[in-house]
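Subject: Structure for you to look at

Hi,

Here is the structure I promised to hand over. Please open it first, then read my notes below.

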Amino acid sequence: MDRLIASIAQIFALCRKEILALLKDPANRVILIGPALIQSMLFGYAATFDLKHVPYAVLDQSHSAASTEFLSRLDGTGIFERQATLTNAAQIAGVINSGRVLMAVSVPADFATRLAEGGQAPVQVILDGRNSTTAGAAAGYVNSVVTAYNRDRAGQPAVTVVRRAWFNPNLDSRWQILPAMIATLSMLQTLLLAALSVAREREQGTFDQLLVTPLTPLQILVGKAIPAVLVGVVQSTLVLLVARFWFGIPMNGSLWLLYLGLLGFTSASVGVGMSISALALNMQQAMLYTFLLIMPLTLLSGLVTPIRNMPEVLQILTYANPLRFGVDLVRRVYLEGAGLSGIAFDFVPMLVIACITMPLAAWLFRNRLA
Amino acid sequence: MNDTPPSVVIEGLSKTFTGPDGKPFRAIDGISLSIQPGTLVALVGPDGAGKTTLMRMMAGLLRPDSGRLEVLGIDLAKDAQTVQNRISYMPQRFGLYEDLSVQENLDLYADLHGVPADVRAERFSRLLDMTDLARFTGRPAGKLSGGMKQKLGLACTLVRVPDLLLLDEPSVGVDPLSRRDLWQIIEQLIASDGLSVIGSTAYMDEAGRCDHVFVLNQGTLLAEGSPDDLRRRAEGLTHVVSPADGVPARDLQARMIDAPDLVVDAVPSAGQVRFICQPGCDQAALKALLHDCDCQPRKEELEDAFMLLLHQHDGSGGDVSAPPPLASEAPVASQNGHGDGPVIVVRDLVRRFGDFTAVANTSFDVKRGEIFGLLGPNGAGKTTTFRMLCGLLPATSGELQVAGVNLRKARAAARARIGYVAQKFSLYSNLSVYENLDFFGGAYGLRGKARYQRVSEIIRQFDLDPDAQSGNLPLGYKQRLAMAAGLLHEPEILFLDEPTSGIDPLARRSFWRTITALSQSGVTVVVTTHFMEEAEYCDRIAIQDAGRLLALGTPREVRERSGITDGYMNEAFIAIVEQARAAEAGGLEAA
Amino acid sequence: MRDSAFRIRLVALVRKETRQMLRDRSNLLVGLLLPVALILLFGYGLSFDVKNAPVALVMDNNSAAAREAVSGIGGSRYLVPVRVGSMAQADALLRAGKVDAIVRVPIDFAEQQARGKAQVQLILNGIDSTTATSLEAYINGALGTVTLRRIDRGTGGATGVGGVSLVQRIWFNEAGISTWYLVPGLVVLIMTLVGAFLTSLLIAREWERGTLEALFVTPVRPLELVLAKIVPYLAIGLIDLVMCVVAARLLFEVPIRGSLLAILLTSMAYLLVSLLMGLFISGTTRNQFAASQMALLASFMPALMLSGFVFDLRNVPLAVKIASQIVPATHFMGVIKTLFLAGTDWGMVLRGCAILLGYAVVLLALTWRTVRKRLD
């Protein structure tokens, strides 16, 4: 028992030193806070899939009351903004290629006649597919305008669709992205911090001094992992505050549960980072390896694109990615208000990853040192 | 004096930096001097004297705040590039590209200097021959030993004959053999190519080989002249004294160093103590100090003049390298288990890296309370031996006992009983002195009040400022802090890896004064060094080369083995290593 | 004479940089392996496209009218209807992520329809709002087809009031596959990566290892140092470009409608900007760790977020839009997407190249200053 307390006191001394060394450097203090703040702002403002304005061009060859009425429906939505009125079909290429408009609507000359005959009047919509997601959204808007128009003309009993979106009533993509950033942004830094922790001491020559103390490799590992986990949780808090108070995204779940989850998630990423640290010979390698790992981890996390859209093989690969579970967990707790049972599926795999990577790092340490 | 214009003219030169504490710091403070072409000139001075700053200014890398600086008759402020085309400069840490091979490094510099292909072949073969690097042309520069790297750096600066060669401390961290080789190359080139060389150095024997010496201190020029001129300043003040039988020379030396009113400087040498007395000191008091010893006058040397000059100059202001505070106080009361048996036992120690045998069949003991020196050229295996003794590296085979603990079985237990001071300053630079010591206290298992008391005690003993940031300390204080950290847990054995590398004579004196005090209090000290005169402080020394133990014994015994009984340790060392290498080569030929 | 000395020195330095680059495995890993991994990930792994999304159908009213109202869902190629017995069941499926949306026909649907007030409930999972938004549009469209079919049936009949049908064409990307715009964007990302991130370590490393001090006191000129560092990484960048183009064409069948020459020219121009940006950061910070952090923040993040790569610049607030125009990657992104998907618009290419070269010149001047041969 006494030996356990002594051992914990030694680890505590190492933790204190790590945190002091980290916070005393003014450049470090900036790096710990600056990027997380800037990036959460950037993601909050720039990362949006919500199409609110569609600049479009009109080629009205019908010049009829019917066509004018139809087009006014588009203008009436507030989403479609008429940027150009064209006089012939050849002009369409110009306005679309240059990116001036996202969409061109071409009303044929026989539009009014066909409608009057009770037939179908085809209206051509040309979309700029250079960003097919945006194009798809714009197409969806036009579609619903046309559907409403037809319904009104037919004077049929209307079937209205009443939409309700759970957890994100306005389907704001900021709500989708920012809470996920609570996990993502902190991972970037904790991974790097953990990866550099040993490499930096090796490069500065302080590692030998540390090794001649009675500290065991396991104590060194734990003493270096704890501060990195703390930094990760603090950064998560920073992003959480930005999401909650700057962007006003309401939080539905329990704060305690969120932090429990984040603790598990950060431990898993620190475990991965410590393994890199044991492998890297110098700081440059540690940085490059971390970077090499971070890109796929982010892309395969379900942060921007749904995991379900990935091919089977990659879907299986994501099970080794702590961020996949981290992103899911934060979203579930923050937006869904999930309870403990709701996050078990995310929490357990992260613990498994931590339980594999930490001993792996310890093993690597011992073998590298020998 | 000849008619050609001087190669360097400096008038009223000054340069101020912002110090780490934010205060301005005058690195060069109104220096004027002129250097003649075709000569070998030395800049000497303690750390922080401004040697490197002056070198960099002459190379056009730093712009003076005021004053005039002309190199090869060209004003550096106006046309630095033309000067840089014509001179060569070897910085303290020569920037070899470690991932490029020896040949590729040479080619790069030859291309940059536009050396034509026909000249190149002849020049390269001559340089490779002189530096003895011809065997290693394909090896990456990073895999060369420290001495070979330095020689390659020199070769890179000499790919063509420069009009002026600037060498900034070329021999720091280089063993005596490589040091001798370096200077031989330079002297050969001066003779054959009429090279002009300005070199800075901390070794007075190197300065003694130069035509002209400038002594710098705190950014000012203290003195200049030929080595003979300077030497004469200490005329009549230099003596040598033999201690009474059974008294180690270093104890007598310590006694003398502690009487600064009477003695400027004292060094143990060949079982005696060489010292300089204060000009006009109280002769009766000096006699009283040396009552039991035989005192003889001796011929003055350049180092004597240097020490005298610095002591006279520093008399006014406090200096970092002032004698240590430990003089009267025994710093560590390590009286635990004062047995007589050996505290370190090494038997048939072997360490291999792949095919390469770094340490072969080495055996020695170290007695309790002894100062044990581990000497050898770069790459001799002493660092490997040292790391094995500290438990940083497992042995391939052999027995290794430190402080009564078998290192192969219980490394952690042994670690608690040893202290370690690394070659490079290796504490956390951005932590304060107190924070560093507090951390190491914790790592060694000290807790709560006991830790606080121990840390406060050692800070007081070593006269450190607890709030100062470690990285900003002057070199001498960094060394003290590293020692303090190594002694925090009152170890039985203290390991010091090249503690004096790159440190000027003044700071070295104060360092060794601390070590002698430690030894008197019962701590065993194991030390590696490149300064052979420092072997004189040791009770026993071991000389290693190519992984083998060549000599083991007291400094006197080792000197006698070499056949050079009255000379310096330096020569004895070189003789032993060369004899062994010749025997090896002879053995190979015979086989 | 001066020229040839310049050439000899430059060749020597380029050779040195190339050797150093080739001997460091981690460099090549980031320079060549990471791009390959990214190409495969982006090409195969990432997709915004909704395909066969499961939609729970809860028919609380199972009248013929109700069945007709939701019949369009089965016909949509984006949606797969899943019949579910109760709302509670559907709720559980949505929470578990087994279905992406619930369409519920309320119990009083028939009555309400008779009164002309029929409603269908659509419940979406807003956690993935991107998918949810697409789904909403598809479901709306699917439900709307019913009306159109009635008009069709009524053609020439008594109720013939006529209706508008949409003929939709998505130019440049007919099938609306997100891979088609992600892959050209990836070229930008990879050029940024190789350029800024790898080179950000170069000058800083020489400062840290002290190799510049000796190099400065030689006839070498600052410009030669900068140019020599660009050349090997320009080569790596071009290899990556070729890999991207080949993979885009052969693996992902992205049409390359523009001229290859134009693609090469603009990519070179952007690569130059990106390399110089990395070198400038490296020379300013003189510290590898800080440099790599800066490079990520100042070049990689903007290229990812602000260039219109994934997030359409039409959607962002004005301030972000202005900021995005300052980012060089934005200008390259516009041109490269057009070149891949639309064809060669030389006016656009030349304007883009001019802007990029402008950046390159400014950055070259700035970088030059950071390696002026002085230590203070």
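Let's start with one chain. Chain C splits into two domains: domain 1 (2-47 + 177-370) and domain 2 (53-153). Measuring over C-alpha atoms, the centres of domain 1 and domain 2 of chain C are 48 Å apart. Keep in mind that this is a predicted model.

Now the interface with chain A. How many residues of chain C are in contact with chain A? The count is 99, and they meet 99 residues of chain A.

Interface size is often quoted as the accessible area that is lost when the parts come together. For chain C and chain A, the buried area is about 9,200 Å². Carbon and sulfur atoms account for 64% of it. On the chain C side, C:Ile127, C:Val164 and C:Arg314 lose the most area to chain A. Together they make up 9% of what that side buries.

Next, the polar side of things. Between chain C and chain A there is 1 salt bridge. Which side chains form it? They are A:Arg308 and C:Asp100, at 2.7 Å from N to O. There are also 14 residue pairs in polar contact across this interface, with both residues at pLDDT 80 or more.

Where does the chain C side come from? Helix α7 (residues 129-153) of chain C gives the largest share, 16 residues. By class, the side of chain C that touches chain A holds 50 nonpolar, 33 polar and 16 charged residues.

Try finding A:Arg308 and C:Asp100 in the viewer; their side chains meet in the salt bridge.

Best wishes

Notes. Residues numbered from 1 in each chain as written. Chains lettered and ligands numbered in written order. Predicted model: local features only at pLDDT ≥ 70, side-chain atom pairs only at ≥ 80, totals over all residues. Heavy atoms only, no water. Contact = heavy atoms within 4.5 Å. Buried area = accessible area lost by both parts, 1.4 Å probe. Salt bridge = Lys/Arg side-chain N within 4 Å of Asp/Glu carboxyl O. Polar contact = N/O pair within 3.5 Å; in protein donor to acceptor, adjacent residues only side chain to side chain. Helix = DSSP H or I, 4+ residues; strand = E, 2+ residues; numbered from the N terminus. Nonpolar A, V, L, I, M, F, W, Y, C, P; charged D, E, K, R; others polar. Domains from an automatic or database assignment.
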